[in-house]
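Trainee: Got a minute to go through this model with me? I'd like to start with the cysteines.

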Amino acid sequence: MHTVGFNKHDHAACVGGGLRAAEETCAKQGLRLTKGRRRVLEILLQEHRAMGAYDILSILAEEGYASQPPVVYRALDFLVGNGFVHKIQKLNAYVACAHPGDSHTPVFLICRGCEAVAETAATLKTTLGEAAKKVGFTIETTIVEAEGLCPVCTQTNAAGAPA
């Protein structure tokens with residue numbers, strides 16, 4: 001078992017499920033999940049952590065892919081645009097979607113101690129949407145990022161070590 005977000009899970013099933021969901025969505029919508037896009041998604045699924053574009057690029061370079069930032073950024077743009085990956089604004093990093101294939105508004109819980117990121121879904125969009133509607137505002141994008149301490153860092157912090 002590996003840790004995802006703050007919980008243990010079956011890592012192989014998670015990676016396989018994420019790739020399957022992306023492949024099925026692409027097939028249904030006529031999108032091209034190229035070899036490079038698929039590999040970037042696979043890296044994010046395998047790592048289960050927020051990664052910067054250059055972190056991904058260094059892994060690709062080790063595997064013999066061309067070391068060109070635009071290739072990674074184009075793959076990330078495609079993956080984010082189609083909901084397979086999310087951008088964590090606070091960290092300027094990317095994380096594979098924890099709920100691929102589900103229509104949801106993600107909420108990111110970011111540990112200020114270890115920078116682990118957990119994705120959860122909340123009903124915030126409905127509440128926020130109602131508030132926006134009252135003032136005539138149309139929401140196009142919602143990004144919710146909460147910062148705090150994960151369970152491990154909370155225990156470490158409680159034991160007297162700085163987080």
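Trainee: How many disulfides does a search of the whole structure find?

Mentor: Zero disulfides turn up in the whole structure. A disulfide here is a pair of cysteine sulfur atoms within 2.5 Å. Keep in mind that this is a predicted model: local features need pLDDT of at least 70, side-chain atom pairs count only at pLDDT 80 or more, and totals for chains, interfaces and linings use all residues. Residues are numbered from 1 along each chain as its sequence is written, and side-chain values use heavy atoms, leaving out hydrogens and water.

Trainee: Why is there no bond from Cys 114 to Cys 111?

Mentor: The closest cysteine sulfur to that of Cys 114 is in Cys 111, and 3.7 Å is too far for a bond.

Trainee: And what about Cys 153?

Mentor: Cys 153 is in no disulfide either; its nearest cysteine sulfur, again that of Cys 111, is 3.6 Å away.

Trainee: Is Cys 153 buried or exposed?

Mentor: Buried, because its relative accessibility is 11%. Buried means under 20% relative accessible area, exposed over 50%, partly exposed in between (1.4 Å probe, protein chains only). Cys 114, at 44%, counts as partly exposed.

Trainee: Switching topic. Which strand does E5 join, and how many bridges are there?

Mentor: E5 runs antiparallel to E6 (residues 117-121), with five bridges. Strands are DSSP runs of E, at least two residues, numbered from the N terminus; two of them pair if DSSP finds at least two bridges between them. Val 107 sits opposite Thr 120 in E6.

Trainee: What's in the turn?

Mentor: Five residues separate E5 and E6 in this hairpin, and Glu 115 in the turn has a positive phi of about 65 degrees.

Notes: Helix = DSSP H or I, 4+ residues; strand = E, 2+ residues; numbered from the N terminus.
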